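Please open the structure in your viewer and keep a selection tool at hand, as this tour goes from one stop to the next.

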Amino acid sequence: MRNFIAFIKHFQVYLVFALLQGVAFWLYFSFNQFPKTQYFTTASSLQGTVLTYRNDLTKHFNLSDNNLRLQKENIELLQKNPISFIPMQNGLVKINDTLNQTQFEYIPATIINSTYDKRDNYFTINIGSSQGVERGMGVFTMNGVVGIIHNTSEHFSVIKSCLTKKLNISIMLEGTGEFGFLEWNGENPRIGSMTGVSNDLLVEKNTKIVTRGGDKVFPKGIPVGTVDSVASIEGKPLWDIQFVFGEDFRKIQNVYVIKNFLLDEQENLENQVLE
Amino acid sequence: MNGMILNITRFVVLLFVQVLLLNQIEIGFGIQIMVYPLFIFLLPMKMNRIPLLFLSFFFGLSIDAFSNTYGLHTSAILLFAFLKPVIFNLFYNQDDFDPSIEINILNMGMMWFLKVFGTLLFIHHFWFFFIEMLDLNKVGFVFQKTLLSVPLSFMICILLQYLFVKKQK
């Protein structure tokens, strides 16, 4: 026993180091999977408030770019407005139809903190559970998919962006409909890769990649990027497709969060099948 | 008492310089500037190793809280704090080492600082990037990140010391 205590005393620095290092690793690897606590992320109110102050200072740097982008979106919307159409058939009556029901609702948000140079990049946005944001919701802009909500607090949320190791958004090639998963290798924030496309299909450069839909997160057809290069993987009947992200994550400031009204219904049904 | 206030100030200043300023500078090529180890390095040499480890754990956790890395910076700074006395002893020089003197570049000289802090910073950065990537196929990329980032971090550390540290008489 005395030997044991002497041993502990002799090696106490090493033991403390190993213990603390173990805690650090445990925090790191458990956060990647399940964000249990929000106090140590930028979703918590203290960090969120500090970052909001900083964003108030720096958000004007990209103002002109963002104005141009909003103008473009406005024009697109304006073209769908009835005032920009000439009625071709007079006398038709507009009725409220019951054929279409809203499935997706979009909540606008501003990014207050973001990185693009790390291995796993997270964005913090200025809305949280009080605005109806929940873990697992999709986030996108008009140019492309951004990521999935990873963690929320009352007024802030953290997005796990496309620039992370494992995001698992299912995407497909527009036109042929061949689908795969989105991945990022950690090197270039403009280039992502698509896995799981079998190499008996001809994939052309500049093919558009869009979301596949049906994964309960994104509606079908939200742009992701365009194919940049196609190479074969050695020993596997699959293509290694590299594509350019539609959204430039280095400049991104305003995003939309997707709320899926039919999520519960679909999940219940799928759980019944699994049981 | 004065030293206490000084160190708390350094803690806060380096924390905010790191998370609000340097974390946003993203040059490309995987460069990431990290100067916060300077806080641990400037702590007095006579400080006990176990409180030092706990302090660096807490400091790393604060950095992590603002960077969404959640344990990564903590792990790297713990290694830094653990190896600090080891590297010190490695470059120990009987003639010009006085334990009461404050450790910084002005008191210790450029060469000494380059050897000791350079080595520690390299280990810190390499550990950080390696755990972040955690892929043996990408060791080359990890080295690229480390070798490009360390000189930049190092230069900013020197700059900070010349600006904010006084020479001891």
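Begin in chain B by selecting B:Lys145 and B:Glu132, both of which are buried. Please keep in mind throughout that the model is predicted. Show the side chains of this pair, and you will find a salt bridge between B:Lys145 and B:Glu132, in which the closest N and O atoms are 3.5 Å apart. Colouring the helices helps to place the two partners, since B:Lys145 belongs to helix α7 (residues 139-164) of chain B and B:Glu132 to helix α6 (residues 110-133) of chain B, with their positions 13 residues apart in the numbering.

Now move to chain A and select the strands β6, β7, β8, β11, β10 and β9. These 6 strands of chain A close into a barrel in the order β6-β7-β8-β11-β10-β9, and their pairing is antiparallel. If you compare the directions of neighbouring strands in this sheet, they are turned by 40° against each other on average, with direction ignored.

Within the barrel, select residues 191-198 and residues 238-245 of chain A, which are strands β8 and β11, and follow how they pair in the antiparallel sense over 6 bridges. To see one position in detail, pick A:Gly192, which stands opposite A:Phe243 in β11 of chain A.

From there, select A:Glu247 together with A:Arg69, whose side chains form a salt bridge with the closest N and O atoms 3.1 Å apart. This pair links distant parts of the chain, as A:Arg69 lies in helix α4 (residues 63-80) of chain A while A:Glu247 lies in the loop between β11 and β12 (254-260) of chain A, 178 residues apart. Which of the terms buried or exposed describes A:Glu247? With a relative accessibility of 1%, A:Glu247 counts as buried, whereas A:Arg69, at 26% relative accessibility, counts as partly exposed.

For the next stop, select A:Lys216 and A:Glu270, where the two side chains meet in a salt bridge of 3.1 Å from N to O. Here too the pair links distant parts of the chain: A:Lys216 is in the loop between β9 (208-211) and β10 (223-232) of chain A, and A:Glu270 is in helix α5 (residues 263-274) of chain A, 54 residues apart. A:Lys216 is partly exposed, with a relative accessible area of 24%, and A:Glu270 is partly exposed as well, with 33%.

To finish, you may show the salt bridges of the whole model, which come to 4 over all chains.

Methods
Residues are numbered from 1 along each chain as its sequence is written. Chains are lettered from A and ligands numbered from 1 in the order in which they are written. This is a predicted model: local features need pLDDT of at least 70, side-chain atom pairs count only at pLDDT 80 or more; totals for chains, interfaces and linings use all residues. Side-chain values use heavy atoms; hydrogens and water are left out. Two strands pair if DSSP finds at least two bridges between them. Helices (H or I, at least four residues) and strands (E, at least two) are DSSP runs, numbered from the N terminus. Axes are lines fitted to C-alpha atoms, for helices over the stretch in contact, and angles run from 0 to 180 degrees between N-to-C directions. Buried means under 20% relative accessible area, exposed over 50%, partly exposed in between (1.4 Å probe, protein chains only).
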